[in-house]
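Hi there,

Here is the structure I promised to pass on. Have a look at it first, and then read on for what turned up.

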Amino acid sequence: MQKLAELYRGKAKTVHTTEDPDLLILEFRNDTSALDGQRIEQLDRKGMVNNKFNYFIMNKLAAAGIPTQIVSLLSDNEVLVKKLDMVPVECVVRNRAAGSLVKRLGVEEGIELNPPLFDLFLKNDAMHDPMINESYCQTFGWVTPENLARMKQLTYQANEVLTKIFDDAGLILVDFKLEFGLFKGEVVLGDEFSPDGSRLWDKNTLNKMDKDRFRQSLGGVIEAYEEVAQRIGVKLD
Ligand code: C5P
């Protein structure tokens with residue numbers, strides 16, 4: 001399948017059309033951004049690592065019954081996907097306190113959240129992805145209550161599957177973000193799952209192995225992504 005035109009250029013991925021109107025090619029770039037895209041750096045190998053990481057995780061989720069947009073891996077940096085009508089809302093599950101939750105509530109980083117929290121954010125860089133809730137989605141028409149309920153159920157289901165995969169690899173899945181879209185009326189998981197959109201801590205040392213290394217200028221960003229990939233069984237080369 002060949003790339004035709006560039007449809008959309010996001011902060012880390014470019015979306016291309018193909019000759020099939022139902023299919024797109026996602027190209028994972030090396031760009032790494034923080035602060036809603038105000039800080040961007042190129043990290044060698046990141047596009048390849050995240051593409052293969054995402055493909056591996058999406059296949060695990062699909063095997064557990066979660067519908068995903070993945071069709072096939074095309075190259076180191078490209079994956080063929082179903083074209084979704086994306087819902088402009090991010091679904092976040094938190095198993096431990098970190099990031100914006102710690103800032104907002106002043107709770108201690110790392111405390112266990114039982115049951116895990118579910119947050120919604122509007123995808124809007126200019127407004128810094130504000131936190132929203134179910135009633136905003138309905139009033140502004142971003143997603144129907146039925147489809148949002150399905151998104152929430154699938155996000156919690158993904159949390160169960162992924163918590164086990166990372167736990168078996170000596171890692172804590174602290175939190176993560178998923179994005180969904182509609183394909184012929186069905187809610188389908190889109191975008192990506194990688195250490196760019198999740199927090200992963202080493203179980204013993206509590207070392208951060210995710211994009212917080214970039215956000216907090218801790219160094220060793222790609223080395224950490226590659227170690228996570230290797231521990232869960234992603235083949236990178
Ligand atoms: O920033 P916050 O603590 O709300 O992030 C929660 C989780 O969602 C983190 O794993 C973060 O990487 C992810 N996230 C994301 N994209 C955003 C906001 C959060 O991937 N725009």
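Before we start: two residues count as being in contact if their C-beta atoms, placed from the backbone, lie within 7 Å. Also keep in mind that this is a predicted model. The mean pLDDT of the protein chain is 97, with 100% of its residues at 70 or more. For the complex, the predictor gives an ipTM of 0.98 and a pTM of 0.98.

Let's begin with the overall layout. The protein chain splits into domain 1, residues 5-82, and domain 2, residues 85-219. Measure between their C-alpha centres and you get 17 Å. How many residues of domain 1 are in contact with domain 2? There are 18, and they meet 18 residues of domain 2. On the domain 1 side, strand 4 (31-34) and helix 1 (46-63) each bring at least two residues. Helix 1 gives the most, with seven residues. As for chemistry, that side of domain 1 is made up of nine nonpolar, six polar and three charged residues.

Next, a sheet to find on your screen. Five strands make an open sheet, and if you walk across it the order is 1-2-3-7-6, with antiparallel pairing. Which strands sit at the edges? Those are strand 1 (6-9) and strand 6 (70-73), each of which pairs on one side only. From one strand to the next, the twist averages 25°.

You can zoom in on one pair of neighbours here. Strand 3 (residues 23-28) and strand 7 (residues 78-82) are joined by five bridges in the antiparallel sense. If you want a spot to click on, try Leu 24, whose bridge partner in strand 7 is Val 81. Helix 1, which we met at the side facing domain 2, also lies across strand 3, strand 6 and strand 7. Relative to strand 6, helix 1 runs at about 135°.

Finally, the ligand. It has 14 residues around it, and the closest are Gly 99, Ser 100, Asp 175, Lys 177 and Gly 197. Which elements give two or more residues to this shell? They are strand 8 (85-96), helix 2 (99-105), strand 11 (171-183) and strand 13 (198-202). Sorted by type, the shell around the ligand has four nonpolar, four polar and six charged residues.

That's the tour. Have fun turning it around!

Cheers

Definitions and conventions. Residues numbered from 1 in each chain as written. Predicted model: local features only at pLDDT ≥ 70, side-chain atom pairs only at ≥ 80, totals over all residues. Domains from an automatic or database assignment. Helix = DSSP H or I, 4+ residues; strand = E, 2+ residues; numbered from the N terminus. Nonpolar A, V, L, I, M, F, W, Y, C, P; charged D, E, K, R; others polar. Near = placed C-beta within 6 Å. pLDDT = per-residue confidence, 0-100. Pairing = 2+ DSSP bridges. Axes fitted to C-alpha atoms, helices over the stretch in contact; angles between N-to-C directions.
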